[in-house]
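Before you read on, please open the model beside this note, since each point asks you to look at one place in it. The points go from helix packing to the sheet and then to backbone details.

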Amino acid sequence: MKLLILWGSNIIFFNQKNTYLGSIRIYMRTCIKSAFLFISMITSFCYAQLNITVSNIQAENIMLGNYNPSVYMPTVVIDQPDLISAGIFNNVSPDSLKANIIKLSTFHNRNSASDTLSPTIGIGAARKWVFSKFQQYSNANENRLLPFYLQFDRVICTRNKHKDICAVLPGSDTSDKSIIIIEGHIDSRCEDECDTLCNAQGIEDNASGTALVMELARVMSQYSYKHTIVFLVTIAEEQGLFGAEAFADYTYAKGITVKAVQNNDVVGGILCGETSSPPSCPGLGNVDSVDVRIFSYGNFNSKHKGYARFSKLEYKEQLLPFVDTPMNIMIMTPEDRTGRSGDHVPFRIKQYASIRYTSANEHGNANVTDTAYHDHQHTTNDTLGVDTDADQIIDSFFVDFRYLARNAYINGNAAAMCAIGPKQPDFLLSAVGADRIRIEVTVQTQYNMYRVGVRSNTNDWDTVCTMTNTLIDTFDVSSINDVVYVSIMSVDGDSVESIPSKEYTVNISSVEEAKALANEKVQLHQNRPNPFDESTYIQFYADGIVPYNTAELVITSINGVQLKVIPVVMNPGMNEVMYTHGYGATGILYYSLYIDGRLIDTKAMVFAN
Ligand SMILES: [Zn+2]
């Protein structure tokens with residue numbers, strides 16, 4: 001108790017010589033906390049993007065769903081999924097992508113703070129050109145595509161005013177107002193992220209993604225979708241994802257609902273550099289033109305991972321039967337490469353389903369301060385390619401335009417199916433005997449068909465089963481961990497899946513047996529110290545090896561409100577986890593140990609400070 005009193009008050013600090021060190025800690029903590037709070041306040045006041053506006057109010061109304069869809073219907077409506085998939089597949093052109101990338105290379109430097117006045121070089125000329133291309137695609141499609149800028153103020157490398165270049169394709173059904181975004185950043189950089197004069201062609205990073213977004217705007221504008229689609233070319237990714245963050249902040253502030261976000265960053269290169277950020281490619285000179293990676297946040301019940309799985313499924317079902325070069329879509333575990341980030345992240349922070357496409361092979365880890373760094377990424381070497389026969393014409397390109405085209409139609413197909421598909425369902429999951437699950441659809445019960453995605457220890461589904469003309473069904477499943485993760489999709493009359501439901505998990509081993517085993521072998525202990533001040537240790541004992549897939553401690557308030565979920569590793573013997581509640585509160589909390597979603601035990605802990 002002496003400790004508690006001491007931690008609660010700085011006055012006692014001077015009177016208790018035997019607890020001198022503990023008191024110093026309090027004092028230091030308070031200082032650090034105050035300094036941190038102060039810095040956070042300064043940061044949030046000075047550095048947020050300000051004055052975020054769109055240049056075309058009609059574009060805003062469309063994103064809000066406040067418009068008459070008939071105004072934007074084409075003379076000939078093409079809205080059948082198979083025709084749209086085939087149309088995207090057949091019309092995405094490697095030559096068109098190449099032309100876009102060559103044009104993007106001519107602006108010399110597309111740094112966010114580069115020239116905005118020159119008609120030929122710098123970010124100003126580059127964004128005017130992208131805008132004019134969006135307008136050109138619109139003109140070719142009965143003016144259905146509306147280009148606009150999203151403008152914002154923020155000091156980035158000395159420049160204060162910035163613009164994302166956007167185009168909105170209005171959906172045909174305003175009853176569900178959510179939009180789908182396909183994005184890629186246009187800004188480029190050299191070794192110094194604020195160098196506005198160097199030769200910063202930024203071809204892999206990220207003329208490839210910009211060209212992809214533009215090509216999909218051109219091709220996809222020919223078709224009709226229920227949902228509105230936004231083609232978004234962002235600025236200031238390299239200095240901190242500011243253009244994407246401005247767009248995410250804008251949609252959030254306006255109440256525009258975002259159904260899904262597909263970010264494309266470094267999507268055309270097939271050569272591995274000397275270095276690359278983990279998870280990495282094999283090494284210098286390795287070529288890979290058949291794998292593409294999708295990075296996304298979270299694991300169990302992650303809507304981002306769910307959207308990645310959906311995108312892959314739509315590729316396999318709509319396009320794979322027709323392609324001559326099959327692509328392998330790798331659903332990666334982390335949100336991005338180690339230590340790296342991208343324009344999907346600000347949207348994920350706003351809770352929108354967000355994924356990032358990136359080539360399997362990358363040329364460099366962007367560690368430009370390393371004197372031994374010879375790779376292209378974030379340097380003047382991220383160029384079009386090389387002139388192999390000395391005729392002053394580049395004939396060997398670092399971006400593979402056919403590979404880029406494949407990534408473009410994978411993107412376009414996923415966005416299109418998301419934009420025309422049915423509504424997202426929900427369901428109840430249970431185990432019925434060993435290796436058998438029961439599904440009962442409970443939300444969006446109007447469809448004749450549902451797909452059931454089942455996975456065990458991988459990021460992708462192991463199997464996708466089908467339910468026809470029923471809302472209740474059972475399936476045989478298997479899992480090496482005796483645990484399966486299940487989500488379902490509605491299927492409409494045109495055989496298009498919805499994005500996946502929430503994910504649930506269940507133990508499919510002989511359920512009673514597993515339960516008895518875990519309860520017998522695992523004991524949850526009383527936390528120590530208890531009562532506690534800011535932090536306490538929660539311990540649990542495992543008698544030998546306990547087979548499990550997930551184990552977590554769940555902290556709940558006395559009112560049953562879940563405060564924190566702490567994933568834990570269960571080693572044989574005593575395990576302990578530190579729980580920090582924070583300073584300046586008193587009361588009772590409960591902590592529960594769950595193994596594979598099954599409750600093992602619950603205990604109370606008391607905190608006082
Ligand atoms: Zn990039």
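The points below concern a predicted model.

1. Helix 4, which spans residues 81–91, is a convenient place to begin, and Pro-81, Ile-84, Ser-85, Ile-88 and Phe-89 are its buried residues. When one looks down the axis of helix 4, these buried residues fall within an arc of 130°, so they line one face of the helix. The face turned away from that buried side carries Asp-82, Leu-83 and Asn-90, which are exposed.

2. Against which helices do the buried residues of helix 4 pack? Their partners are helix 7 (203–220), helix 9 (303–319) and helix 11. Helix 11, which covers residues 401–420, also meets helix 5, as the next point sets out.

3. Helix 5 (residues 94–105) and helix 11 have axes that come within 8 Å and cross at roughly 105°, and the two helices are therefore roughly perpendicular to each other. On the side of helix 5 the contact involves Pro-94, Leu-97 and Lys-98, while helix 11 contributes Phe-401, Arg-402, Leu-404, Ala-405 and Ala-408. Sorted by class, this contact has 6 nonpolar and 2 charged residues, with no polar ones.

4. Helix 9 packs with helix 11 at an angle of about 100°, the axes being 9 Å apart, and these two helices are therefore roughly perpendicular to each other. Helix 9 enters the contact with Phe-310, Ser-311, Glu-314, Tyr-315, Gln-318 and Leu-319, and helix 11 answers with Tyr-409, Ile-410, Asn-413, Ala-414 and Met-417. By class, the contact of helix 9 with helix 11 has 7 nonpolar, 3 polar and 1 charged residues.

5. Turning to the strands, the model contains an open sheet of 4 strands in the order 15-14-17-18, and the pairing is antiparallel. Strand 15 (463–468) and strand 18 (504–507) stand at the edges with a single partner strand each, so one side of each is left without a neighbour in the sheet. From one strand to the next, the twist averages 30°.

6. Within this sheet, strand 14 (residues 449–455) and strand 17 (residues 483–491) run antiparallel and are joined by 7 bridges. To find the register on screen, one may start from Gly-453, which stands opposite Ser-487 in strand 17.

7. Two peptide bonds deserve a look by eye. The bond from Asp-205 to Asn-206 is cis, with omega near 5°, and Asn-206 is found in helix 7. The bond from Pro-278 to Pro-279 is also cis, with omega near -5°, and Pro-279 is found in the loop between strand 6 (258–264) and strand 7 (291–296).

8. Which loop holds Ala-236? Ala-236 lies in the loop between strand 5 (228–234) and helix 8 (242–254), and its phi is near 55°, a positive value in a residue other than glycine. Ala-236 counts as buried because 29 C-beta neighbours lie inside 10 Å, where 20 or more are needed.

9. Leu-241 is likewise found in the loop between strand 5 and helix 8, and Leu-241 has a positive phi of about 65° although it is not a glycine. Is Leu-241 buried or exposed? With 22 C-beta neighbours inside 10 Å, Leu-241 counts as buried.

Key: Residues are numbered from 1 along each chain as its sequence is written. This is a predicted model: local features need pLDDT of at least 70, side-chain atom pairs count only at pLDDT 80 or more; totals for chains, interfaces and linings use all residues. Axes are lines fitted to C-alpha atoms, for helices over the stretch in contact, and angles run from 0 to 180 degrees between N-to-C directions. Angles under 35 degrees count as roughly parallel, over 145 as roughly antiparallel, 65 to 115 as roughly perpendicular and the rest as oblique. Two residues are in contact if their C-beta atoms, placed from the backbone, lie within 7 Å. Ala, Val, Leu, Ile, Met, Phe, Trp, Tyr, Cys and Pro count as nonpolar, Asp, Glu, Lys and Arg as charged, and the others, Gly among them, as polar. A residue is buried if 20 or more other C-beta atoms lie within 10 Å of its own, exposed if 12 or fewer, and partly exposed in between; C-beta atoms are placed from the backbone. The arc is that of the directions from the helix axis to the C-beta atoms. Two strands pair if DSSP finds at least two bridges between them.
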